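Here is a set of questions and answers to work through beside the model. Keep the sequence at hand as you go.

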Amino acid sequence: IGLLTGLSALWMSNNELSGTVPTEFGLLTGVTWFGVYENALTGTVPTEIGLLTGLTELWMSTNALSGTMPTQIGLLTGL
């Protein structure tokens, strides 16, 4: 997924996705919308989320994520 560098929106919600959020999502620096809500994702939100500085929408609710949000989320000033 990290090779999709021209991607501007990633909306994979309500698809029964499972496992952890890949750190490679941090390579999608052109993404402005990121939605993975209503899945079965586990683990923590990767710190690489802070690399998505163009984000205006971030939807990750209704998963089984754990831990705290990484401090890098503060770099996303467009949210």
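Q: In which strand is the place of Leu10?
A: This is a predicted model. Leu10 is placed within a run of strand residues. The strand is β1.

Q: Is Leu10 buried or exposed, and what is its relative accessible area?
A: Buried means under 20% relative accessible area. Leu10 falls under that limit, so it counts as buried. Its relative accessible area is 7%.

Q: Which residues does Leu10 touch, not counting residues up to four places away in sequence?
A: Leu10 reaches several parts of the chain. Ile1 is one of its contacts, and so is Gly35. The others are Phe25, Leu28, Val31, Trp33 and Phe34.

Q: How many Å apart in space are Leu10 and Glu57, C-alpha to C-alpha?
A: In sequence, 47 residues separate Leu10 and Glu57. In space, C-alpha to C-alpha, the distance is 10 Å.

Q: Is Trp11 buried, partly exposed or exposed?
A: Trp11 lies in strand β1. Its relative accessible area is 40%. Partly exposed covers the range between under 20% and over 50%, so Trp11 is partly exposed.

Q: Which residues make the nonpolar surface patch of about 350 Å²?
A: Trp11 takes part in this patch. Two other tryptophans complete it. The makers are Trp11, Trp33 and Trp59.

Q: Which members of the largest nonpolar core touch the most other members?
A: This core holds 14 residues. The residues that touch the most other members are Phe25, Leu28, Phe34, Ile49, Leu55 and Met60.

Q: Which residues does Leu55 touch, not counting residues up to four places away in sequence?
A: Leu55 is one of the core members that touch the most others. Its contacts include Leu76, Gly78 and Leu79. The rest are Val31, Thr32, Trp33 and Phe34.

Q: In what order do the three strands of the open sheet stand?
A: Three bridges join β2 to β4, and these strands run parallel. β4 also pairs with β6 in the parallel sense, over two bridges. The order is β2-β4-β6.

Q: Why is one side of β2 and of β6 left without a neighbour in the sheet?
A: The sheet is open, with parallel pairing. β2 and β6 stand at the edges, so one side of each has no neighbour in the sheet. The reason is that each has a single partner strand.

Q: Which residue stands opposite Leu41 in β4?
A: Leu41 lies in β4, which spans residues 40–43. β4 is joined to β2 by three bridges. The residue opposite Leu41 is Gly19.

Q: What is the relative accessible area of Leu41?
A: Leu41 touches Leu17, Ser18, Gly19, Val21, Val36, Asn63, Ala64 and Leu65, not counting residues up to four places away in sequence. Leu41 is buried. Its relative accessible area is 6%.

Q: What is the bridge partner of Thr42 in β6?
A: β4 and β6 pair over two bridges. In β6, Thr42 has as its partner Ala64.

Q: Which residue in β6 stands opposite Gly43?
A: Gly43 lies in strand β4. It is partly exposed, with a relative accessible area of 21%. Leaving aside neighbours within four places in sequence, Gly43 is in contact with Thr20, Ala64, Leu65 and Ser66. The residue opposite is Leu65.

Q: Near what value is phi of Glu16?
A: Most residues other than glycine have a negative phi. Glu16, in the loop between β1 and β2, has a positive value. At 74% relative accessibility, Glu16 counts as exposed. Its phi is near 60°.

Q: Near what value is phi of Thr62?
A: Thr62 is placed in the loop between β5 and β6. At 53% relative accessibility, Thr62 counts as exposed. Its phi is positive, near 55°.

Q: With which residues is Leu27 in contact, leaving aside its neighbours within four places in sequence?
A: Leu27 is in the loop between β2 and β3. It is partly exposed, with a relative accessible area of 48%. Its C-alpha atom is separated from that of Ile1 by 8.5 Å. The contacts are Gly2 and Thr5.

How values were computed: Residues are numbered from 1 along each chain as its sequence is written. This is a predicted model: local features need pLDDT of at least 70, side-chain atom pairs count only at pLDDT 80 or more; totals for chains, interfaces and linings use all residues. Side-chain values use heavy atoms; hydrogens and water are left out. A nonpolar core is a set of buried Ala, Val, Leu, Ile, Met, Phe, Trp, Tyr and Cys residues joined through side-chain atoms within 4.5 Å. Buried means under 20% relative accessible area, exposed over 50%, partly exposed in between (1.4 Å probe, protein chains only). Contact means heavy atoms within 4.5 Å. Helices (H or I, at least four residues) and strands (E, at least two) are DSSP runs, numbered from the N terminus. Patches are made of residues with over 30% relative accessible area and no salt bridge: like charges are joined within 9 Å, nonpolar side chains (Val, Leu, Ile, Met, Phe, Trp, Tyr) within 5 Å. Accessible areas come from the Shrake-Rupley method with a 1.4 Å probe; for residues, only the protein chains shown count as cover. A salt bridge is a side-chain nitrogen of Lys or Arg within 4 Å of a carboxyl oxygen of Asp or Glu. Two strands pair if DSSP finds at least two bridges between them.
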